[in-house]
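Biologist: Please take one part of this model and look at it closely for me, with its charged pairs as the place to begin. I am a first-year student, so please go slowly and connect each step to the one before it.

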Amino acid sequence: MQIYLAGKITGLDEDVAFRLFESAEAFIVAKGHTPLNPMKLVDQKPGREYFEYLFDALQIMIFQGEGVYFLSNWRDSKGAHIEHALPRSLIFRSITPRPSYPSAATGGRRNKYDGKDL
């Protein structure tokens, strides 16, 4: 399964963000899946507008992803909140790291995949 990685990037040191996403990527590979890492797949050249990065990332998630893995820092990211809402609308498999808490996006209900292992 191709799993899109969602988490905070904006506002983090680039090296820190890259290491966080590489760690999540290694986890997905270890589970036998193919990670879709936006840190590697989205053009990161300086000077692009925020919405350009987000638009590219959302296209990858929607058109290539079969599921989404949310890094533990996703709640600190505006973009990851959008990435969190879309799978629920598109009936994607959405996976958050344990522990998982009911979110406002689900009206306090857990997604059937929240916190589950791959």
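Modeller: A residue is called buried when its relative accessible area is under 20%, exposed when that value is over 50%, and partly exposed when it falls in between. The model shown here is a predicted one, and every value that follows is computed from it. Let us start with K40, which counts as partly exposed because its relative accessibility is 44%. The side chain of K40 meets that of E22 in a salt bridge, with 3.7 Å from N to O. K40 belongs to helix α2, residues 38-41, whereas E22 belongs to helix α1, residues 14-30, so this pair ties together parts that are 18 residues apart in sequence. E22 has a relative accessibility of 34%, and therefore it is also classed as partly exposed.

K40 has another partner, since the side chain of E25 meets the side chain of K40 in a salt bridge of 2.8 Å, again taken from N to O. Here too the pair links distant parts of the chain, with E25 in helix α1 and K40 in helix α2, 15 residues apart. E25, however, is buried, because its relative accessible area is 15%, and that value is under the 20% limit given above. Taken together, E22, E25 and K40 are linked in a network of salt bridges.

The count for the model comes to 3 salt bridges, and one of them joins D56 to R48, whose closest N and O atoms are 2.5 Å apart. In this pair R48 counts as buried because its relative accessibility is 17%, while D56, at 23%, counts as partly exposed.

From the charged pairs we can turn to the nonpolar interior. The largest nonpolar core has 13 residues, and those with the most contacts inside it are Y4, A6, I60, M61, V68 and F70. At least two residues of this core come from each of β1 (2-6), α3 (50-64) and β3, and α3 gives the most, with 5 residues. There is also a second, separate core of 9 residues, which includes I3, L5, A17 and F21.

Next comes the largest pocket, which holds about 510 Å³ of space. Its lining is made up of 25 residues, of which I9, T10, Q44, Y50 and Y53 lie nearest its centre. The elements that give two or more residues to this lining are β1, α1, α2, α3 and α4. Sorted by class, the lining of the pocket has 14 nonpolar, 6 polar and 5 charged residues.

One last residue deserves a careful look, namely N73, which is found in the loop between β3 (67-70) and α4 (78-90). N73 counts as buried because its relative accessibility is 13%. If residues up to four places away in sequence are not counted, N73 touches G7, K8, L12 and L20.

To return to your starting point, the charged pairs built around K40 form a network with E22 and E25, and the pair of D56 and R48 is a salt bridge as well.

Methods
Residues are numbered from 1 along each chain as its sequence is written. This is a predicted model: local features need pLDDT of at least 70, side-chain atom pairs count only at pLDDT 80 or more; totals for chains, interfaces and linings use all residues. Side-chain values use heavy atoms; hydrogens and water are left out. Helices (H or I, at least four residues) and strands (E, at least two) are DSSP runs, numbered from the N terminus. Buried means under 20% relative accessible area, exposed over 50%, partly exposed in between (1.4 Å probe, protein chains only). Contact means heavy atoms within 4.5 Å. A nonpolar core is a set of buried Ala, Val, Leu, Ile, Met, Phe, Trp, Tyr and Cys residues joined through side-chain atoms within 4.5 Å. A salt bridge is a side-chain nitrogen of Lys or Arg within 4 Å of a carboxyl oxygen of Asp or Glu. On a 1 Å grid over the protein atoms alone, a cavity is a set of points where a 1.4 Å probe fits but cannot get out, and a pocket is an open set with protein on both sides within 12 Å along at least five of seven lines; lining residues have an atom within 4 Å of a point. Grid points are joined across faces, edges and corners, and a volume is the space filled by probe spheres set on the points. Ala, Val, Leu, Ile, Met, Phe, Trp, Tyr, Cys and Pro count as nonpolar, Asp, Glu, Lys and Arg as charged, and the others, Gly among them, as polar.
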